[in-house]
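Here is a set of short exercises to work through with the viewer open. Try each task before you read its solution.

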Amino acid sequence: MSEAMIEVAALQKRFGDNTVLRSVDMKVGRGEVVALIGPSGSGKSTLLRCLNLLVVPDGGAVRMGERRFTFGGGAALPGTQALAKFRAATGMVFQQFNLFPHKTALENVMEGPVVVRRMARGEAETLARELLGKVGLSDKADQYPSRLSGGQKQRVAIARALAMQPEVMLFDEATSALDPELVGEVLAVMQALAAEGMTMVIVTHEVAFARDVADRVVFLRDGIIIEDGPARQVIDAPREEATRAFLSHFH
Ligand code: ADP
Ligand code: MG
């Protein structure tokens with residue numbers, strides 16, 4: 001792997017006396033797709049949020065591109081502006097879509113570029129239409145979220161994240177809240193992004209998707225990385241008994 005795009009080292013996170021991440025080391029190469037799997041409560045969301053410092057770690061280091069922060073051991077906490085810049089390099093998609101209900105699909109996608117990036121409205125609209133096209137929703141630009149299916153809402157949410165022109169996309173169970181028949185259309189958009197070379201970290205329970213689309217699969221349990229390897233190897237022939245036991249729930 002060439003120089004990693006994201007690198008975390010000896011990452012630790014506690015909530016009160018609950019130690020959630022114990023000493024996590026992980027690298028994500030430029031253009032690489034990493035699927036993060038593991039039982040509920042194992043720390044997947046916390047790890048994903050530490051990657052863009054939405055959750056501030058208690059110890060260790062987080063690097064994305066040129067920017068690197070260390071935590072604990074007396075290190076000064078990053079300032080608000082430094083954090084905002086760091087987070088702006090990532091797009092995040094959550095289980096809940098969190099679209100603005102009183103804005104159309106187009107306006108939802110335009111919001112970030114106009115408000116945060118101070119992009120001219122005309123330019124933002126062009127970008128937003130292009131991105132709605134990319135997620136297959138050109139014809140829904142003027143619809144309000146209440147008129148969209150869950151899968152369509154999630155695709156708007158992906159377009160909205162892409163509108164900030166992130167270097168990395170983070171997905172936290174993006175399809176878990178969807179009716180089963182709508183999962184495929186969202187996974188297809190994620191697969192297309194991966195094929196374009198987007199760097200992605202995907203928390204998912206879609207094991208078949210992880211196997212087919214991810215380059216690597218990382219299995220997390222109790223805040224520790226148990227296994228990290230090529231996607232097919234981890235899914236089809238896990239080295240660790242704990243990984244095998246976890247995966248057995250999906251067959
Ligand atoms: P996963 O995404 O794998 O289900 P999480 O990272 O959400 O796991 O949670 C791991 C542990 O951290 C759980 O015990 C959870 O209760 C705890 N936790 C997560 N976020 C917070 C928070 N903001 N405050 C307190 N505890 C939290
Ligand atoms: Mg989670």
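**Exercise 1. The shell around the ligand**

Which residues are around ligand 1? Sort them by element and by class, keeping in mind that this is a predicted model.

Solution. Start with the list: Phe 15, Asn 18, Val 20, Gly 38, Ser 40, Gly 41, Ser 42, Gly 43, Lys 44, Ser 45 and Thr 46. Next, look for elements that supply two or more of these residues; they are strand E2 (18-29) and helix H1 (44-51). H1 gives the largest share, with 3 residues. Finally, sort by class: 8 residues of the shell are polar, 2 are nonpolar and 1 is charged.

**Exercise 2. The sheet of 4 strands**

In what order do the strands of the open sheet of 4 strands lie, and which are its edge strands? Then place H1 relative to this sheet.

Solution. The order is E2-E1-E4-E5, and the pairing is antiparallel. E2 and strand E5 (67-71) are the edge strands, since each pairs on one side only. From one strand to the next, the twist averages 10°. Now go to a single pair: strand E1 (residues 4-15) and strand E4 (residues 59-64) run antiparallel and are joined by 5 bridges. A good place to check this is Ile 6, which stands opposite Met 64 in E4. As for the helix, H1 packs on the sheet and touches E1, E2 and E4. The direction of H1 makes about 125° with that of E1.

**Exercise 3. The sheet of 6 strands**

What is the strand order in the open sheet of 6 strands, and which helices pack on it?

Solution. Read the order as E6-E7-E8-E3-E9-E10, with mixed pairing. Here the edge strands are E6 and E10, each of which pairs on one side only. The twist averages 15° from one strand to the next. For a parallel pair, take E6 and E7, joined by 4 bridges; Thr 90 has Val 168 in E7 as its bridge partner. H1 packs on this sheet, touching strand E3 (33-37), E7, strand E8 (199-203) and E9, and its direction makes about 155° with that of E8. H6 also packs on the sheet, touching E3, E7 and E8, with its direction at about 150° to that of E8.

For an antiparallel pair, turn to strand E9 (residues 216-221) and strand E10 (residues 224-230), which share 6 bridges. Arg 221 stands opposite Ile 224 in E10. The hairpin of E9 and E10 has 2 residues between the strands, and Asp 222 there takes a positive phi near 50°.

**Exercise 4. A helix and its surroundings**

Is helix H5 largely enclosed or largely open? Check its length as well.

Solution. Begin with the length. H5 (residues 150-162) has 13 residues, which at 1.5 Å a residue should span 18 Å; the end C-alpha atoms are 18 Å apart, so the two values agree. Then count burial: 12 of the 13 residues are buried, so H5 is largely enclosed by the rest of the structure. Among the buried residues are Lys 153, Arg 155 and Arg 160, along with Val 156, Ile 158 and Leu 162. Last, find the partners: the buried residues of H5 pack against strand E6 (90-93), helix H3 (105-115), helix H4 (121-134), strand E7 (168-172) and helix H6 (180-195).

**Exercise 5. Three residues to inspect**

Are Arg 118, Gln 165 and Arg 216 buried, partly exposed or exposed?

Solution. Take them in turn.

- Arg 118 lies in the loop between H3 and H4. It has 8 C-beta neighbours inside 10 Å, so Arg 118 counts as exposed. Its phi is positive, about 55°, although it is not a glycine.
- Gln 165 lies in the loop between H5 and E7. With 14 other C-beta atoms within 10 Å, Gln 165 is partly exposed. Its phi is also positive, near 50°.
- Arg 216 belongs to strand E9. It has 22 C-beta neighbours inside 10 Å and therefore counts as buried. Leaving aside residues up to four places away in sequence, Arg 216 touches Glu 32, Val 34, Asp 228, Gly 229, Pro 230 and Ala 231.

As background to the phi values, most residues other than glycine have a negative phi.

Methods: Residues are numbered from 1 along each chain as its sequence is written. Chains are lettered from A and ligands numbered from 1 in the order in which they are written. This is a predicted model: local features need pLDDT of at least 70, side-chain atom pairs count only at pLDDT 80 or more; totals for chains, interfaces and linings use all residues. A residue is near a molecule or strand if its C-beta atom, placed from the backbone, lies within 6 Å of it. Ala, Val, Leu, Ile, Met, Phe, Trp, Tyr, Cys and Pro count as nonpolar, Asp, Glu, Lys and Arg as charged, and the others, Gly among them, as polar. Two strands pair if DSSP finds at least two bridges between them. Axes are lines fitted to C-alpha atoms, for helices over the stretch in contact, and angles run from 0 to 180 degrees between N-to-C directions. Two residues are in contact if their C-beta atoms, placed from the backbone, lie within 7 Å. The expected span of a helix is 1.5 Å times one less than its number of residues. A residue is buried if 20 or more other C-beta atoms lie within 10 Å of its own, exposed if 12 or fewer, and partly exposed in between; C-beta atoms are placed from the backbone.
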